[in-house]
Amino acid sequence: MAVKTVQYIFNGTTYTLTKNTSTGKYEATVTAPNKSSYSQTDHVLGGTVKATDEAGNTTTVDQTHTTLGAALKIRVKEKVAPVVSISSPSSGAYLTSTTPTIEFTVTDADSGVASAKITLDGTEITSVTKTAIAGGYKYTCTPTDALKDGKHTISITATDNDGNTSAAKTSTFTVDTVPPTLSITAPADKLITNKSTVTVTGKTDDITSKPVAVTINGTAVTVGADGTFSKDVTLVNGSNTITIIAKDKAGKTTTVVRTVTLDTAAPVIKSIALTPNPVDCGKTFVISVEVTD
Ligand SMILES: [Ca+2]
Ligand SMILES: [Ca+2]
Ligand SMILES: [Ca+2]
C-alpha cells in the first residue's frame, strides 16, 4: 500500500506531483494559462487528479466529483483593461447641435466587456444604447439635456469581466449655435462710383468659436486678431454684387451683400438751346440742355 504517482491534468498538460516530506502531500507548481477562464462554464477551469498505487490501482477525480470537484475549479483572471475609443464627438470638434450623438466603442481582447460608464460634464448619462461588435460593444447616446454653447467634455471608463477598469478616455468639444457677427463699414450699399476699385472693410466676431473666416465673393481675406478686415475689390462697369460671408469654426455663417455701381462714362451733352435768341435787353431767356448718361 504505497502511492506510486499522483498526476494533475490541467489545461492540456499533465503534471507529476512530488511528495512534500514535511506535509506528506503531493505538490506541483503550475503556471496558469494566459487566457481568462471567464468564457468557461461558471467562469472556471476544471482539472483532473489521478493517483496510482504500486499495485496499479488508479483513482481519478475531476471537477464533476461530488465532494472534491469544487476544489479543482480555478478562476483565471487576465489583467488587461478594455480599450475605449470615442468615435464622436471627436476631441476639438465644433458642433452646431445642442444634442449631438455621442458614439464610442469598448473592446476587450480576453474576458470581454462587462460595463461602460459615460459622464458628460461630470454627470453620468444613464440612457445608453448598446450593440455588439467584434470584441465588444458600440455605445450610442445623446445628452440628457440640450447643451449650452461652449466647451463640453465626455469621459468614459469601462470594466471587463475580470474586473479590470480602463483609464478614463475623454473628448472635449465645443457647441456653437450662434452665427458670427459681421458689420461692413464700407462700401455703403447702393454706392455709385467712378473708381474701378472699391475697398471693402468690416469687422467680424464670434462669442464661442473664433477665429472667424471671411470670404469676399468666394475669396478668403485676411482677418486680423481684432476681427477687422480690408480688401480691394475690382469693379466692372454697371452693377456689381459683393457678397461677404463670415464663418465661425462651427460652420455657422453670416452673409452681407453690397451692390455697387461703377460708372466711368461721363455724361454726353447732346444739344443746347437758348430761347429766345436774340433776347431783348433786360428780358429773360431760357437755356435748355439735353444731357444723357
Ligand atoms: Ca481585459
Ligand atoms: Ca458662433
Ligand atoms: Ca456716367
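What share of the chain's contacts between residues at least 6 apart in sequence join residues at least 24 apart? The points below take this up along with the overall form and one metal site.

1. Status and contacts. This is a predicted model. The share is 59%: that part of the contacts between residues at least 6 apart in sequence joins residues at least 24 apart.

2. Secondary structure. The chain has 25 strands. Helices number zero.

3. Overall form. The C-alpha trace spans about 165 × 30 × 30 Å along its principal axes. The radius of gyration is 42 Å, where a compact globule of 293 residues would have one near 19 Å.

4. Burial and surface. Of the 293 residues, 30% are buried. The chain exposes about 17700 Å². Carbon and sulfur atoms supply 52% of that area.

5. Charge. There are 26 positive and 26 negative side chains. The centres of the two sets lie 3 Å apart.

6. Calcium site, donors. Which residues supply the protein donors of the calcium ion (ligand 3)? They are Asp 263, Ala 265 and Asp 293. Asp 263 appears twice through OD, and Asp 293 appears twice through OD as well. Ala 265 gives its O atom. These donors lie 2.2 to 2.5 Å from the ion.

7. Calcium site, spacing and exposure. Along the chain, the donors of the calcium ion (ligand 3) follow the spacing D-x1-A-x27-D. Is Asp 263 buried or exposed? Neither: Asp 263 counts as partly exposed because its relative accessibility is 29%, and partly exposed covers the range between under 20% for buried and over 50% for exposed.

How values were computed
Residues are numbered from 1 along each chain as its sequence is written. Chains are lettered from A and ligands numbered from 1 in the order in which they are written. This is a predicted model: local features need pLDDT of at least 70, side-chain atom pairs count only at pLDDT 80 or more; totals for chains, interfaces and linings use all residues. Side-chain values use heavy atoms; hydrogens and water are left out. Helices (H or I, at least four residues) and strands (E, at least two) are DSSP runs, numbered from the N terminus. The radius of gyration is taken over C-alpha atoms; the globule rule is 2.2 Å times the number of residues to the power 0.38. Buried means under 20% relative accessible area, exposed over 50%, partly exposed in between (1.4 Å probe, protein chains only). Contact means heavy atoms within 4.5 Å. Accessible areas come from the Shrake-Rupley method with a 1.4 Å probe; for residues, only the protein chains shown count as cover. Lys and Arg count as positive and Asp and Glu as negative; His and the chain ends are not counted. The place of a charge is taken as NZ of Lys, CZ of Arg, CG of Asp or CD of Glu. Donors are N, O and S atoms within 2.8 Å of the metal (3.2 Å for Na, K and Ca); water is not among the atoms, so sites may look incomplete.
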